[in-house]
There are 2 protein chains.
Amino acid sequence: PYYVAFSQLLGLTVVATTGAWLGLYRGGIAWESALQFNVHPLCMVIGLIFLQGDALLVYRVFRNETKRATKILHGVLHVFAFIIALVGLVAVFDYHRKKGYADLYSLHSWCGLLVFVLYFVQWLLGFCFFLFPGASFSLRNCYRPQHIFFGAAIFLLSVGTALLGLKEALLFKLGAKYSTLEPEGVLGNVLGLLLVGFGVVVLYILT
Amino acid sequence: PYYVAFSQLLGLTVVATTGAWLGLYRGGIAWESALQFNVHPLCMVIGLIFLQGDALLVYRVFRNETKRATKILHGVLHVFAFIIALVGLVAVFDYHRKKGYADLYSLHSWCGLLVFVLYFVQWLLGFCFFLFPGASFSLRNCYRPQHIFFGAAIFLLSVGTALLGLKEALLFKLGAKYSTLEPEGVLGNVLGLLLVGFGVVVLYILT
Ligand code: HEM
Ligand code: HEM
Ligand code: HEM
Ligand code: HEM
Ligand SMILES: O=C1O[C@@H]([C@@H](O)CO)C(O)=C1O
């Protein structure tokens, strides 16, 4: 109960800190300009961290609701998470295309694409097995443990990927200045620790 | 059974790839020179990734041994992991001191110090509760779930920290060349994916 309140507080702080970082140090958000890049971190954090994390908690938080209701909420949150994350991905690829930058060279981008594909597969399998009426009980029972393990693993990978992206964004811009504890660097590090904290709390509630 | 073999193969590949990276692109290993830095990644990967990971698997792999035997093996592996990780930390702080570099400015170093302190606390608590004969059964039962959850969390945090360190080491040296898919960058990315893979497999065997 308190953990859940704490997780929501942390999750919202993560989103707000991301927004504050982009607003204070990166000039804000827009689609049709150099600011298009900034759509990427914001959407990834809202979609693949906050909403995905909350989707995982649904069954633990609403224990007294019907299975049907929680299942729909879990699914709906994952639909939103997926759409927002997709917008964030389109933003960075479109931005790279316009600028003529290389694609998919970094560890962050490799992990990012991997995690997104895995998320999409999990999403399709989730719908097929748990919403499609044709799936038998035994099939569902067989798939359930896989769904739970891979769901948790994909969420943790998302947190790791976001940390790599954040690190990269800080190092690209700050370079050697990073070591002088610039305000942007410190805010970025704090955002990183908040992301880690959210990941740990979600995992704790889940287990 | 196959998973365990696979995890060991992956773990050894991670260590070998780290060694290959440092040997091929970073001039090898030494204490009394500019190469002292290279002791850091190697020791952290061997101690806090490979040995810590294997220590977590002991109870799953040796199911037929006595509890006493597996407990000693778990503890001994953690002792080695701790010592090797400590050498790796001393190496980087000593190197920074000699070079006059700043300490503890990066997200990697913050996560690194945090994870090491948590690891040390877990280590002390593990010894006090599980080896010290005075700890009662009920105390042990009460602490056991915490020990398991935090053990898994600390291991995952170690993997995340190593990814951040790797990313940083690649970006510091390669800079803009990172985007041209230099051999060192590609090898580094592959090492990153191997680290992720080892983390996922250990978690899978554990759950
Ligand atoms: C889990 C969430 C995330 C995923 C799945 C993800 C995925 C990706 C992918 C696939 C690319 C490659 C785009 C291309 O090659 O054209 C990319 C690029 C990038 N992302 Fe993310 N991202 C995430 C979160 C973040 C965050 C939170 C930040 C910053 C705070 C960030 C910063 C960057 C940067 C700087 C690039 C461009 C450089 C590069 O290709 O590595 N990302 N991201
Ligand atoms: C890619 C997105 C998804 C992820 C990461 C994910 C992750 C998870 C996780 C971690 C759990 C365990 C929750 C707990 O034990 O409290 C879970 C349970 C569940 N998920 Fe998903 N899920 C995804 C998509 C879906 C979809 C699209 C559906 C279909 C509506 C679905 C249906 C379920 C059901 C029915 C359960 C409960 C299983 C049970 O304990 O009976 N999931 N999911
Ligand atoms: C889980 C394992 C690891 C932990 C706990 C860890 C911890 C630390 C700590 C505490 C520092 C700060 C030293 C100082 O401020 O003087 C540091 C620095 C550094 N580490 Fe690691 N490290 C780990 C793995 C790695 C790996 C695998 C690499 C590279 C492949 C790496 C690369 C670096 C670099 C480049 C620095 C210097 C820049 C900085 O302070 O961020 N680390 N590490
Ligand atoms: C910092 C280091 C440590 C970490 C990260 C860690 C982690 C873990 C994990 C993840 C498990 C669960 C294994 C499983 O369920 O198969 C476990 C079990 C256990 N650990 Fe540790 N551990 C650490 C140190 C210690 C120490 C120093 C001792 C004392 C010898 C100890 C004693 C135990 C015992 C007795 C269990 C079995 C609990 C049971 O009855 O299921 N641990 N540890
Ligand atoms: O549709 C589902 O019904 C439950 C059921 O299997 C009983 O738990 C479940 O987990 C589903 O996904």
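**Stop 1: the iron atom of ligand 4**

In this predicted model, start by selecting the iron atom of ligand 4 together with B:His74 and B:His147, its protein donors. Zoom in on the NE2 atom of each histidine: these atoms lie 1.9 to 2.1 Å from the iron. Now bring the rest of the coordination into view. The site has six donor atoms, with angles of 88 to 180 degrees among them, and its geometry is octahedral.

Next, colour the chain by helix and see where the two histidines come from. B:His74 sits in helix 3 (residues 67-99) of chain B, while B:His147 belongs to helix 5 (residues 137-174) of chain B. The two are 73 residues apart, and the pair links distant parts of the chain. Are these histidines buried or exposed? Turn on a surface for the protein chains to explore this: both B:His74 and B:His147 are buried.

**Stop 2: the iron atom of ligand 1**

Move over to chain A and select the iron atom of ligand 1. Which residues coordinate this iron atom? Pick A:His40 and A:His108, each of which uses its NE2 atom, at 1.9 to 2.0 Å. The arrangement here is octahedral because the six donor atoms subtend angles of 87 to 179 degrees around the iron atom of ligand 1.

Follow the backbone away from each histidine. A:His40 leads you into helix 2 (residues 36-61) of chain A, and A:His108 into helix 4 of chain A. With their positions 68 residues apart, this pair also links distant parts of the chain. To see how covered they are, select them one by one. A:His40 has a relative accessible area of 10%, so it is buried. A:His108, at 15%, is buried too.

**Stop 3: a patch on the surface of chain A**

Stay with helix 4 and switch to a surface view. Select A:Phe93, A:Leu104, A:Leu113, A:Val117, A:Val121 and A:Leu125, which make a nonpolar surface patch of about 420 Å². Which element gives the largest share of the patch? Helix 4 (residues 107-131) of chain A does, with four residues.

Now pick out A:Leu125, a residue of helix 4 of chain A. Its relative accessible area is 33%, so A:Leu125 counts as partly exposed. Show what surrounds its side chain: leaving out residues up to four places away in sequence, A:Leu125 touches A:Phe130 and A:Tyr143. If you draw a distance between the C-alpha atoms of A:Leu125 and A:Tyr143, you should get 9.1 Å, for two residues that are 18 residues apart along the chain.

**Stop 4: a salt bridge from chain to chain**

Over all chains, the structure holds 10 salt bridges. Begin with B:Lys167 and A:Glu168, whose side chains meet in a salt bridge of 2.3 Å, N to O. B:Lys167 lies in helix 5 of chain B and A:Glu168 in helix 5 (residues 137-174) of chain A, so this pair joins two chains. Both B:Lys167 and A:Glu168 are buried.

**Stop 5: A:Lys173 and A:Glu184**

Keep helix 5 of chain A in view and select A:Lys173, then A:Glu184. They form a salt bridge, and the closest N and O atoms are 2.7 Å apart. Because A:Lys173 is in helix 5 of chain A and A:Glu184 in helix 6 (residues 183-206) of chain A, the pair ties together parts that are 11 residues apart in sequence.

How accessible is each partner? A:Lys173 counts as partly exposed, at 42% relative accessibility. A:Glu184, in contrast, counts as buried at 4%.

**Stop 6: B:Glu184 and B:Arg26**

For the last stop, return to chain B and select B:Glu184 and B:Arg26. These two form a salt bridge, with 2.6 Å between the closest N and O atoms. B:Glu184 is in helix 6 (residues 183-206) of chain B and B:Arg26 in the loop between helix 1 and helix 2 of chain B, so the pair ties together parts that are 158 residues apart in sequence. B:Glu184 and B:Arg26 are both buried. For a related view in chain A, select A:Arg26, A:Lys173 and A:Glu184, which are joined into one network by salt bridges that share partners.

Back at B:Arg26, find the loop between helix 1 (2-25) and helix 2 (36-61) of chain B. B:Arg26 has a relative accessible area of 17%, so it is buried. Finally, show its contacts: neighbours within four places in sequence aside, B:Arg26 is in contact with residues including B:Trp21, B:Leu35, B:Asn38, B:Lys173 and B:Glu184.

Methods:
Residues numbered from 1 in each chain as written. Chains lettered and ligands numbered in written order. Predicted model: local features only at pLDDT ≥ 70, side-chain atom pairs only at ≥ 80, totals over all residues. Heavy atoms only, no water. Patch = residues over 30% accessible without salt bridge, like charges linked within 9 Å, V, L, I, M, F, W, Y side chains within 5 Å. Areas by Shrake-Rupley, 256 points an atom, 1.4 Å probe, with all protein chains shown as cover. Salt bridge = Lys/Arg side-chain N within 4 Å of Asp/Glu carboxyl O. Buried < 20%, exposed > 50% of the residue type's maximum accessible area, 1.4 Å probe, protein only. Donors = N, O, S within 2.8 Å, 3.2 Å for Na, K, Ca; no water. Tetrahedral: all angles 85-135°; square planar, octahedral: opposite > 155°, others 65-115°. Contact = heavy atoms within 4.5 Å.
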